[in-house]
Amino acid sequence: MVEQKKEVEVRDLHFTYPDGTVALKGVNLDIYENDFVGIIGQNGSGKTTLVKHFNGTLKPTSGKVLIEGADTTKSDFKHLAKRVGYVYQNPSYQLFCNSVEKEVEFGPTILGFSKDEIEQRVNDALKRMGLEKKRKEYPFFLSIGERQRLAIASILATNPSIIIVDEPTTGQDIRRAEEIMDLLIELHKEGRTIIVITHDMRIIADYVPKTVVMLNGKILTEGPTRQIFADPKTLLKAFVLPPQITRLAQKLGAYGIPPTPLNTAEMYGVLKNHLGSKKGKRS
């Protein structure tokens with residue numbers, strides 16, 4: 001069996017902000033090549049602080065963060081930018097150019113790609129995010145949802161192996177939210193490692209196979225998403241509730257319904273099988 005490559009290694013990570021706020025308290029975490037991981041927890045649990053260590057935005061107060069084996073405290077900006085793309089929760093914080101296409105050009109230009117390569121990357125990224133017709137527009141004239149897609153396009157143009165998206169469905173209607181998550185699934189299938197921070201448990205249930213739960217600057221639990229949502233008592237400690245359909249299944253546990261359906265389609269299948277088996281016993 002081939003050993004899976006670690007892309008992110010976090011070892012005894014502590015972080016304190018300059019104002020004295022202790023945000024991370026001894027975090028240990030491994031994220032492997034081509035993982036698709038969700039990080040959940042209440043506001044202030046340390047989710048965003050943790051992932052900002054992955055692209056070098058923050059440096060550990062103590063402990064280590066390794067990206068593809070390289071210590072982030074010893075890696076320069078270009079080295080990390082080629083490996084880790086980070087889309088902020090508020091896309092306005094990372095937009096600063098005077099047109100959409102200039103915004104997407106910025107990353108590949110800084111990383112030293114050729115003019116032809118930059119043009120191709122910009123065209124591909126804008127097309128993927130449905131922004132081809134907006135390329136000459138000023139970014140802050142876009143809607144919040146369009147700015148989110150522009151931020152993602154800017155990251156795609158640098159072609160990193162690890163993509164972090166903080167609240168990917170912010171400002172999106174249901175259709176656009178599903179399109180963004182479908183895009184992340186597609187990027188995952190292409191071999192990228194995807195890390196998503198979200199408060200939307202439906203998104204986690206429908207799209208994300210592995211979940212990390214944070215509480216008060218520590219990792220409370222981690223594992224396969226189905227396993228995590230099947231343990232509501234642990235989730236409640238982090239002030240997180242499983243999706244409604246999962247909670248319904250757990251309420252029906254006394255009637256033989258398993259606590260693990262993650263969506264309505266799965267719940268339908270469980271109920272169909274359960275009722276069918278009851279009917280078979282009666283006959």
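These exercises treat the sheets, one buried residue and some salt bridges of a predicted model.

Residues are numbered from 1 along each chain as its sequence is written, and side-chain values use heavy atoms, with hydrogens and water left out. As the model is predicted, local features need pLDDT of at least 70 and side-chain atom pairs count only at pLDDT 80 or more, while totals for chains, interfaces and linings use all residues.

**Exercise 1.** Find the edge strands of the open six-stranded sheet and describe how S3 pairs with S9.

*Solution.*
Step 1. Strands are DSSP runs (E, at least two residues), and helices are runs of H or I (at least four), numbered from the N terminus. Two strands pair if DSSP finds at least two bridges between them.
Step 2. The strand order is S6-S7-S8-S3-S9-S10, with mixed pairing.
Step 3. S6 (84–87) and S10 (218–224) each have a single partner strand, so one side of each lacks a neighbour in the sheet.
Step 4. S3 (residues 36–40) and S9 (residues 210–215) are parallel and share four bridges. Within S9, Thr-211 is the bridge partner of Gly-38.

**Exercise 2.** Do the same for the open sheet of four strands, with S1 and S4 as the pair.

*Solution.*
Step 1. The order here is S2-S1-S4-S5, and the pairing is antiparallel.
Step 2. S2 (22–32) and S5 (70–71) are the edge strands, each pairing on one side only.
Step 3. S1 (residues 6–16) and S4 (residues 62–67) run antiparallel and are joined by five bridges. Val-8 stands opposite Ile-67 in S4.

**Exercise 3.** Describe the surroundings of Glu-7.

*Solution.*
Step 1. Glu-7 lies in strand S1.
Step 2. Glu-7 is buried (under 20% relative accessible area; exposed is over 50%, partly exposed in between; 1.4 Å probe, protein chains only).
Step 3. Glu-7 has no salt bridge (a side-chain nitrogen of Lys or Arg within 4 Å of a carboxyl oxygen of Asp or Glu). The nearest side chain of opposite charge, Lys-5, is 4.6 Å away.
Step 4. Leaving aside neighbours within four places in sequence, the contacts of Glu-7 (heavy atoms within 4.5 Å) include Ile-31, Leu-66 and Thr-193.

**Exercise 4.** Which parts of the chain does the salt bridge between Asp-35 and Lys-210 tie together?

*Solution.*
Step 1. The whole structure holds 17 salt bridges. In one of them, Asp-35 meets Lys-210 at 2.8 Å, N to O.
Step 2. Asp-35 lies in the loop between S2 and S3 and Lys-210 in strand S9, so the pair ties together parts 175 residues apart in sequence.
Step 3. Asp-35 is buried, at 5% relative accessible area, whereas Lys-210 is partly exposed, at 33%.

How values were computed:
Lys and Arg count as positive and Asp and Glu as negative; His and the chain ends are not counted.
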